[in-house]
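Hi,

Here is the model I said I would pass on. Have a look at it first, and then read on for what turned up when I went through it.

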Amino acid sequence: MRWIWIDKFLEFQSGQFARAVKNLTLAEEHLHDHLPGYPVMPASLIIEGLAQTGGILVGEASGFTEKVVLAKIPRAEFLGVACAGDQLIYEVRLTDLRSEGAVVDAKAFLNGELLADLEIVFAHLDNTRSNQIFGPKNFVFTQQLLGVLDLAKAQERARLAEADSAAGNGLSRPLPTSEGGSS
Amino acid sequence: MPTQDQIFEKVQSTLVDALGVDEEDVTSGAALFKDLGAESIDLLDIVFRLERNFGIKIPRGELFPENVSDPDMVENGILTPKGLSEIKQRMPYADLSEFEKHPEVEKLLDLYTVDTLVQYVAGKLGSN
């Protein structure tokens with residue numbers, strides 16, 4: 001199993017807002033253990049999905065040059081549960097960003113209804129110290145995780161090209177360039 | 001310019017939100033770490049909230065000094081004269097009179113009381 005708890009970005013406004021989708025399926029191991037006979041997504045994994053959405057939003061805001069780690073969740077409210085077959089929409093808004101870290105407001109929706117409401121604080125690891133411990137590689141933003149954002153960008157480019165083609169513009173329109181240095 | 005009491009009340013609610021403590025525990029003399037259970041990662045959260053709640057800018061390292069473990073600042077766990085003078089310069093809003101007698105670096109965190117934050121914010125608002 002890969003530790004990726006979002007399936008796709010639906011919207012990404014650099015430094016401001018991100019919306020991602022998470023589809024729940026019985027192929028996921030955790031639903032068989034949580035809970036036996038009553039498969040609901042653990043709240044901790046919903047938090048992880050929101051943190052991954054927010055973490056990429058925060059990381060992209062500084063060109064993925066910082067190692068962004070989840071520091072603290074000052075507030076988390078859950079108003080329901082999500083089961084196999086459900087689709088969760090994660091919405092994350094960047095409320096504060098400074099050199100030491102960032103804060104996001106993160107919400108999960110199920111069928112348009114608010115399911116979870118969180119505040120998440122991210123810290124930027126001190127580069128000198130983290131390089132001593134972990135080496136210079138940015139272990140937070142692995143290609144695996146950033147692949148989710150790359151996929152959304154590729155789909156957007158394909159959609160734009162298709163729209164151009166349908167409008168009779170052929171393939172003359174240049175594709176939007178990738179931002180954020182994630183590729 | 002708000003009064004000291006108004007600043008205290010806002011600092012109090014800031015700490016209730018950041019640390020999940022009860023309002024009555026956030027007294028003027030309560031130490032952030034020893035009495036209110038703050039951890040180092042809470043400091044970033046507190047800085048964010050103070051900026052938001054008071055509309056002030058807190059430059060990195062100004063409220064909670066960084067790099068106090070440099071060898072020329074600390075020797076055998078005690079602040080050197082250079083270290084002490086650096087701390088005094090960085091923390092003009094804190095009462096260091098007792099700390100100066102035995103400037104153990106581990107006790108540095110005890111200097112951060114609710115009142116320290118109130119004085120810091122009052123200084124920022126006064127200079128704005």
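One convention before anything else: the axes below are lines fitted to C-alpha atoms, for helices over the stretch in contact, and angles run from 0 to 180 degrees between N-to-C directions. Bear in mind too that this is a predicted model.

With that convention, start in chain B. Helix α1 (residues 4–19) and α2(B) have axes that come within 10 Å and cross at roughly 140°. Angles over 145 degrees would count as roughly antiparallel and 65 to 115 as roughly perpendicular, so α1(B) ends up oblique to α2(B). The crossing of these two helices is right-handed.

Which residues of α1(B) meet α2(B)? From α1(B) they are B:K10, B:T14, B:D17, B:A18 and B:L19. Across from them, α2(B) brings B:D42, B:D45, B:I46, B:R49, B:L50, B:N53 and B:F54. By class, that contact splits into 5 nonpolar, 2 polar and 5 charged residues.

Now for chain A and its sheet. Six strands make an open sheet, ordered β1-β2-β4-β5-β6-β3, with antiparallel pairing. At the edges sit β1 (8–13) and β3 (68–78) of chain A, each paired on one side only. From one strand to the next the twist averages 20°.

Walking across the sheet from the β1(A) edge:

- β1(A) pairs with β2(A) in the antiparallel sense over 5 bridges, and A:Q13 has A:F17 in β2(A) as its bridge partner. Their hairpin has 3 residues between the strands, and A:G15 in that hairpin takes a positive phi near 70°.
- β2(A) and β4(A) are antiparallel as well, over 7 bridges; here A:N23 is partnered by A:Q87 in β4(A).
- β4(A) and β5(A) run antiparallel and are joined by 10 bridges, with A:V104 in β5(A) as the bridge partner of A:L94. The hairpin between these two strands goes through 2 residues.
- At the other edge, β3(A) pairs with β6 (residues 113–124) of chain A, antiparallel over 8 bridges. A:E77 stands opposite A:D117 in β6(A), a pair you may want to bring up on screen.

Two helices pack on this sheet, and they come from both chains. One of them is α2 (residues 43–61) of chain A, which touches β2 (17–23), β3, β4 (87–98), β5 (101–110) and β6 of chain A. The direction of α2(A) makes about 45° with that of β4(A). The other is α2 (residues 40–54) of chain B, which touches β3, β4, β5 and β6 of chain A. Its direction makes about 65° with that of β3(A). So much for α2(B) as a neighbour of α1(B): the helix that α1(B) crosses also packs on the sheet of chain A.

On to the interface. How many residues does each chain put into the contact? Chain A gives 10 residues and chain B gives 8. On the chain A side, β3, β5 and β6 each supply at least two residues, and the largest share, 3 residues, comes from β3(A). Sorted by class, the side of chain A that touches chain B has 5 nonpolar, 2 polar and 3 charged residues.

There are also a couple of backbone oddities in chain A. Most residues other than glycine have a negative phi, and most peptide bonds are trans. Against that background, a cis peptide bond joins A:H34 and A:L35, with omega at about -5°. A:L35 lies in the loop between α1 (30–33) and α2 of chain A. Then there is A:F64, which is not a glycine yet has a positive phi of about 60°. A:F64 is in the loop between α2 and β3 of chain A.

Last, the confidence figures. Chain A has a mean pLDDT of 86, and 85% of its residues reach 70 or more. Please look with some care at residues 170–183 of chain A: the pLDDT there is below 50, and in the model this stretch has 22 contacts beyond near neighbours in sequence. Chain B averages a pLDDT of 90, with 97% of the residues scoring at least 70. For the complex, the predictor gives an ipTM of 0.82 and a pTM of 0.82.

Over to you!

Notes. Residues are numbered from 1 along each chain as its sequence is written. Chains are lettered from A and ligands numbered from 1 in the order in which they are written. This is a predicted model: local features need pLDDT of at least 70, side-chain atom pairs count only at pLDDT 80 or more; totals for chains, interfaces and linings use all residues. Two strands pair if DSSP finds at least two bridges between them. Helices (H or I, at least four residues) and strands (E, at least two) are DSSP runs, numbered from the N terminus. Two residues are in contact if their C-beta atoms, placed from the backbone, lie within 7 Å. Ala, Val, Leu, Ile, Met, Phe, Trp, Tyr, Cys and Pro count as nonpolar, Asp, Glu, Lys and Arg as charged, and the others, Gly among them, as polar. pLDDT is the predictor's confidence in each residue, from 0 to 100. Angles under 35 degrees count as roughly parallel, over 145 as roughly antiparallel, 65 to 115 as roughly perpendicular and the rest as oblique. A crossing is left-handed if the near helix is turned anticlockwise from the far one by less than a right angle, and right-handed if clockwise.
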